[in-house]
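Please examine the sheets of this model and the helices that pack on them. A recorded modification site is also of interest.

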Amino acid sequence: MSGVVLVVEDDRELREVVRRYLERAGYTVHTTGSGAEALSLLDGGGADLVVLDLGLPDVDGLEVLAAARQQREVPVVVLTARSQVEDRIDGLRRGADDYVTKPFSPTELVLRVKAVLHRTRGASSGGAESLAFGSGRLRIDDTRHQAHLDGIALELTPTEWGLLTALAATPGRVFSRYELVNRVRGYEFAGYERTIDSHVKNLRRKLGDSGGEIVETVLGVGYRLGWSRDH
């Protein structure tokens, strides 16, 4: 899977290692050690994903993260020495799509980049049809990576998209938080289960007044899609 990856890391040696591994995997890579330059590059567009160090010398990495999320919903893999669980959860709550702590395996980082891009692009076997729920009110088109509610496009983060499509795959089925972590992330992540509720809250907000009906809470178990699939 090709794509353009922006690597924002102030350690030049580490930045070059990440660049080499990503290029070997087939990605076009742009690098910078400056948060200000990263903001400028994001403003110019062109990046499919950002590998972001939070400990930048000039701009708080969280500011760069916010810019990536606001401008084009560019997915972000956070790369940082902040290894505490609460730090990881905070980054994910702020919109990061994955979190890799230093020291790390460059090979693992490449695999995580691939997994995030796969989810973001809605990669699946071609030819899937658009699905409708709630008498046509909610429509999900996996091949186009688009969802509409009452004819209005939903601007979802990759995590919110993953949650919605996971629940919509089997309407009415209750998914535990653990199951949703694995379906959305593609692997286990310690502590991430605790952030699922925050992502569900954000998804419901974007679904408006119908959010609680579409994404239902099953106390003590997890979540399910409350609307039936149209036939």
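The questions and answers below treat two sheets and one annotated residue.

Q: On what basis are the features of this model given?
A: Residues are numbered from 1 along each chain as its sequence is written, and side-chain values use heavy atoms, with hydrogens and water left out. The model is predicted: totals for chains, interfaces and linings use all residues, side-chain atom pairs count only at pLDDT 80 or more, and local features need pLDDT of at least 70.

Q: What is the strand order of the open sheet with parallel pairing?
A: Strands here are DSSP runs of E with at least two residues, and helices are runs of H or I with at least four, numbered from the N terminus. Two strands pair if DSSP finds at least two bridges between them. The open sheet with parallel pairing has 5 strands. Its edge strands, each pairing on one side only, are strand 2 (28–32) and strand 5 (98–101), and the full order is 2-1-3-4-5.

Q: Which residue of strand 3 stands opposite Val8?
A: Strand 1 (residues 4–8) runs parallel to strand 3, and 4 bridges join them. Within strand 3, the residue opposite Val8 is Leu52.

Q: At about what angle does helix 2 run to strand 1?
A: Angles run from 0 to 180 degrees between N-to-C directions, with axes fitted to C-alpha atoms, for helices over the stretch in contact. Helix 2 (residues 35–44) lies across strand 1, strand 2 and strand 3. Its angle to strand 1 is about 160°.

Q: Why does Asp53 count as buried?
A: UniProt, in an unreviewed entry, lists Asp53 for "modified residue: 4-aspartylphosphate"; such annotations may be inferred rather than shown by experiment. Asp53 is found in strand 3 (residues 49–53). Contact means heavy atoms within 4.5 Å, and Asp53 touches residues including Asp10, Thr80 and Lys102, not counting those up to four places away in sequence. Buried means under 20% relative accessible area (1.4 Å probe, protein chains only), and Asp53 counts as buried because its relative accessibility is 3%.

Q: Which strands form the edges of the sheet with the order 10-12-11?
A: This open sheet has 3 strands with antiparallel pairing. Strand 11 and strand 12 (residues 222–225) pair over 4 bridges, with Val215 opposite Leu225. The edges, each pairing on one side only, are strand 10 (175–176) and strand 11 (215–218).

Q: Which strands does helix 6 touch?
A: Helix 6 (residues 158–169) packs on the sheet, and its direction makes about 70° with that of strand 12. The strands touched by helix 6 are strand 10, strand 11 and strand 12.

How values were computed
Buried < 20%, exposed > 50% of the residue type's maximum accessible area, 1.4 Å probe, protein only.
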